[in-house]
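Thanks for coming. I will take one structure today and walk through a few of its parts. Please have a look at it first.

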Amino acid sequence: MSFKDSKVVIVGVGNVGATTAYSILNQGICEEVVLIDVNKEKAIAEAMDMQHSIYFMNRNMSIKAGDYSDCRDADVVVITASAPMPKDSHNRLEMLAPSMKIIKNIVESVMSNGFDGVFVVISNPVDIMAYYTWKLSRLPKNRIIGTGTTLDTARLCCELSKMYNLDAKSVEAFVMAEHGDSEMVSWASATIGGKNLNDVFADNADRTKDITKDELLKRTKEAGWDIFTRKGNTCYGIASSATAIIKSILFNENKILPVSVGLNGEYRLNNIFLSVPTIINKNGAKEIVEIKLAEEERELLAKSAEVVQGLYKELKI
């Protein structure tokens with residue numbers, strides 16, 4: 001796959017969809033971006049606005065408002081559309097039923113136009129919507145990727161890096177499982193500069209102070225709600241994480257990211273989409289990386305899987 005003729009279609013041009021498009025353009029990762037939205041005028045306006053911005057960027061690209069026929073030759077279709085978050089709610093699951101109707105319409109419209117690429121699902125609850133997209137599309141599991149805990153992982157690494165005044169990219173710690181209340185961290189495998197996190201805590205007690213793993217996980221879980229309650233949405237972080245996933249697909253990077261993917265026995269789990277470290281390349285989810293979890297971490301992952309699979313059964317999907 002090369003830059004020439006590479007194409008990304010984004011369905012849903014709200015804050016997240018528009019910011020994802022702009023992030024893709026800023027990084028110059030594909031030749032063409034197409035925006036689809038039920039509000040056609042907004043899609044046209046966003047495309048016009050961004051097309052003008054390309055004048056100041058490093059690479060010439062094309063962005064336009066389109067329709068589902070544009071999915072026929074797309075490499076990646078990104079789904080960001082979902083039902084509005086209920087006011088004063090901290091529960092993503094409250095938007096589940098109406099969002100499922102939206103996803104069904106989108107996926108059926110995309111597939112009926114001959115799409116044969118990779119879906120990247122952002123819509124929440126992402127582990128449900130990625131699984132539902134797989135069921136509806138009938139594509140191989142590896143070609144459905146939910147953004148999952150990619151952003152949660154970035155938030156955790158940012159929290160850890162602030163404690164020690166480091167670049168967050170020097171931290172490697174994966175948030176895994178459901179993107180939601182039952183998510184967990186693989187602390188046993190976490191490192192900073194190659195040094196085990198437990199050793200970092202012990203050797204830097206003056207800087208670690210009384211900050212615990214539980215507190216770090218709490219901050220990670222609450223970061224999105226903290227942003228949401230202050231400005232009404234979160235868009236930059238999730239757009240950047242989605243762009244990283246798309247870039248790894250288009251550039252065949254074989255990058256490892258914690259994304260929501262279909263498990264086939266990995267981590268002793270089957271028939272479920274959950275976030276685990278995954279190698280991503282031009283084929284989508286190339287390979288799931290099974291890192292060694294502590295026994296209590298494995299139990300937390302299994303409990304999170306029970307939560308998600310319970311919803312599958314309840315929703316009969």
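**Two pockets, a helix and some strands**

By class, the residues that line the second largest pocket are 14 nonpolar, 6 polar and 8 charged. In this scheme Ala, Val, Leu, Ile, Met, Phe, Trp, Tyr, Cys and Pro count as nonpolar, Asp, Glu, Lys and Arg as charged, and the others, Gly among them, as polar.

Before I go on, a word on the source. This is a predicted model, in which local features need pLDDT of at least 70 and side-chain atom pairs count only at pLDDT 80 or more, while totals for chains, interfaces and linings use all residues. Residues are numbered from 1 along each chain as its sequence is written, and side-chain values use heavy atoms, with hydrogens and water left out.

Back to that pocket. A pocket here is an open set of points on a 1 Å grid over the protein atoms alone, where a 1.4 Å probe fits, with protein on both sides within 12 Å along at least five of seven lines; lining residues have an atom within 4 Å of a point. The second largest pocket holds about 780 Å³ of space. Its lining has 28 residues, and Thr150, Thr153, Ala154, Arg155 and Cys157 are the closest to its centre. Volume means the space filled by probe spheres set on the points, with grid points joined across faces, edges and corners.

Which element gives the largest share of this lining? Helix 5 does, with 9 residues. Helices (H or I, at least four residues) and strands (E, at least two) are DSSP runs, numbered from the N terminus.

So to helix 5 itself, residues 150-164. Helix 5 has 15 residues and spans 22 Å from its first C-alpha to its last, close to the expected 21 Å; the expected span is 1.5 Å times one less than the number of residues. Of the 15 residues in helix 5, 12 are buried, meaning under 20% relative accessible area with a 1.4 Å probe and protein chains only. Among the buried ones are Thr150, Thr153, Arg155 and Cys157. After helix 5 comes Asn165, with a positive phi near 55°.

Helix 5 also serves the other pocket: along with helix 1, helix 3 and helix 8, it supplies at least two residues of the lining of the largest pocket. That pocket has a volume of about 990 Å³. It is lined by 38 residues, with Val16, Thr80, Ala81, Ser82 and Ala83 nearest its centre. Its lining divides into 18 nonpolar, 16 polar and 4 charged residues.

Now the strands. Two strands pair if DSSP finds at least two bridges between them. Strand 1 (residues 7-11) runs parallel to strand 2, joined by 5 bridges, and Val11 stands opposite Ile36. Between these strands the chain passes through helix 1, in a right-handed β-α-β crossover. Right-handed means that, with the strands pointing away from the viewer, the path from the first strand over the helix to the second runs clockwise. Strand 2 also pairs with strand 3 (residues 62-65), in the parallel sense over 4 bridges, and Val34 is opposite Lys64 there.

Why is strand 2 largely enclosed by the rest of the structure? Because 4 of its 5 residues are buried.

Last, an open sheet of 3 strands, with antiparallel pairing, has the order 7-10-11. Its edge strands are strand 7 (171-172) and strand 11 (195-196), each pairing on one side only. Ile192 stands opposite Lys195 in strand 11.

Key. Buried < 20%, exposed > 50% of the residue type's maximum accessible area, 1.4 Å probe, protein only.
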